[in-house]
Every structure is written in C-alpha cells, then in structure tokens.
Amino acid sequence: MEIADETVDKLLDEGRAPGEILLLTTGEQHPWAQHELSFGEDAYWRQLSEGEDVFCAHASAVARTSPRTIVLLAVNGGTDPEAAAALPAALEKAGEQLIVCGDPQRLRALL
C-alpha cells in the first residue's frame with residue numbers, strides 16, 4: 001500500500017489531475033476508502049461520480065467504478081484467484097496506464 005501511495009504522490013507531482021487516478025486494492029481497503037465509507041456508501045460512491053479526486057476502491061467493486069486515465073492496482077492480499085482476476089479488470093478500466101504494485105514474486109506467479 002505504501003508503494004501505491006508513493007506512486008500516486010509521484011503522479012500528482014508530475015502534473016496528473018487527481019480525478020485521473022483510480023487505486024484498486026485486492027486485500028484490505030485503502031485507509032482513505034475505509035475513512036470515506038464511514039460516512040456511508042452513498043457519499044463514498046458520489047465521490048467517484050464527481051471525479052475530482054483520486055478514488056480508492058476494492059478490486060471486487062471494479063464493476064461499479066468508471067474508467068480512469070491511470071489505474072493503480074495494489075495487490076495487497078486476497079487469494080491468488082481474486083488477485084489474478086483483478087489484473088484484467090483493472091486493465092479494462094485504465095485509459096492510458098495500468099500500474100501494478102505488490103510483491104514481485106507473487107506478481108510473477110499471477111502473470
């Protein structure tokens with residue numbers, strides 16, 4: 001998760017707009033998503049449709065997300081079949097770039 005957060009920061013520093021970035025996780029939800037979900041699902045998903053900020057979601061909810069220019073997939077847990085299924089789903093949502101973060105050994109096995 002730390003590498004994914006650093007990557008988001010780097011993209012923003014390079015001039016990418018926050019609304020261009022979708023961060024998906026395969027294990028535990030990103031802390032931002034956990035915080036935002038504490039205000040209710042409607043408010044959380046409304047932020048996605050507003051498209052003004054980086055949006056973080058669990059990969060299992062990828063069908064509810066809209067495409068973004070850049071998708072970061074943080075393989076931070078979940079089963080191997082779940083993580084493997086998240087890869088093509090994340091790629092489908094990425095308009096220009098898919099960035100995958102996680103244990104390199106596990107990622108090689110999944111690919």
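A salt bridge is a side-chain nitrogen of Lys or Arg within 4 Å of a carboxyl oxygen of Asp or Glu. The exercises below apply this and a few other cut-offs to a predicted model.

**Exercise 1. Find what E96 pairs with, and explain which parts of the chain the pair ties together.**

Step 1. Look for the partner of E96: this residue forms a salt bridge with R16, and the closest N and O atoms of the two are 3.0 Å apart, which means that the pair falls within the 4 Å cut-off.

Step 2. Place both residues along the chain. E96 lies in strand β4, which covers residues 94-102, while R16 belongs to the loop between α1 and β1, so the salt bridge ties together parts that are 80 residues apart in sequence.

Step 3. Decide how open each partner is, remembering that exposed means over 50% relative accessible area and buried under 20%, with partly exposed in between. E96 has 57% relative accessibility and therefore counts as exposed, whereas R16, at 26%, counts as partly exposed.

**Exercise 2. Work out how many salt bridges the whole structure has, and describe further pairs.**

Step 1. A search of the whole structure finds four salt bridges.

Step 2. Take the pair of D80 and R106, whose side chains meet in a salt bridge with an N to O distance of 2.9 Å. Because D80 lies in helix α4 (residues 80-93) and R106 in helix α5 (residues 104-110), this pair ties together parts that are 26 residues apart in sequence. D80 has a relative accessibility of 44%, so it counts as partly exposed.

Step 3. Ask whether partners are shared: R16, E20 and E96 are joined into one network by salt bridges that have partners in common.

Step 4. Turn to E41, which forms a salt bridge with R64, the closest N and O atoms being 3.7 Å apart. This pair links distant parts of the chain, since E41 is in helix α3 (residues 41-50) and R64 is in the loop between β2 (55-58) and β3 (68-75), 23 residues apart. With 47% relative accessibility, E41 counts as partly exposed.

**Exercise 3. Determine how many disulfides the structure holds, and whether C56 and C101 are buried or exposed.**

Step 1. A disulfide is a covalent bond between the sulfur atoms of two cysteines. The structure holds zero disulfides.

Step 2. Check C56, which is in no disulfide: the nearest cysteine sulfur, that of C101, is 12 Å away. A disulfide needs two cysteine sulfur atoms within 2.5 Å, so a pair at such a distance does not qualify.

Step 3. Check C101 in the same way: C101 is in no disulfide either, and the nearest cysteine sulfur, that of C56, is 12 Å away.

Step 4. Compare the accessibilities with the cut-off for buried residues, which is under 20%. C56 has 4% relative accessibility and so counts as buried, and C101 is buried as well, with a relative accessible area of 8%.

**Exercise 4. Identify the residues that form the negative surface patch, and describe where E6 lies.**

Step 1. The negative surface patch is formed by E2, E6, D9, D13 and E14.

Step 2. Choose one of these residues, E6, which is found in helix α1, a helix that covers residues 2-13.

Step 3. E6 has 43% relative accessibility and therefore counts as partly exposed.

**Exercise 5. For I70, L22 and P67, state where each lies, whether each is buried or exposed, and how far each is from a given partner.**

Step 1. I70 is found in strand β3 and, at 0% relative accessibility, counts as buried. I70 and L98 are 28 residues apart in sequence, and their C-alpha atoms are 5.9 Å apart in space.

Step 2. L22 lies in strand β1 and is buried, with a relative accessible area of 0%. From L22 to V62 there are 40 residues in sequence, and the C-alpha to C-alpha distance is 9.9 Å.

Step 3. P67 lies in the loop between β2 and β3 and is exposed, with a relative accessible area of 58%. The C-alpha atoms of P67 and K93 are separated by 4.3 Å, although these residues are 26 residues apart along the chain.

Methods: Residues numbered from 1 in each chain as written. Predicted model: local features only at pLDDT ≥ 70, side-chain atom pairs only at ≥ 80, totals over all residues. Heavy atoms only, no water. Patch = residues over 30% accessible without salt bridge, like charges linked within 9 Å, V, L, I, M, F, W, Y side chains within 5 Å. Areas by Shrake-Rupley, 256 points an atom, 1.4 Å probe, with all protein chains shown as cover. Lys, Arg positive; Asp, Glu negative; His and termini not counted. Charge placed at Lys NZ, Arg CZ, Asp CG, Glu CD. Helix = DSSP H or I, 4+ residues; strand = E, 2+ residues; numbered from the N terminus. Buried < 20%, exposed > 50% of the residue type's maximum accessible area, 1.4 Å probe, protein only.
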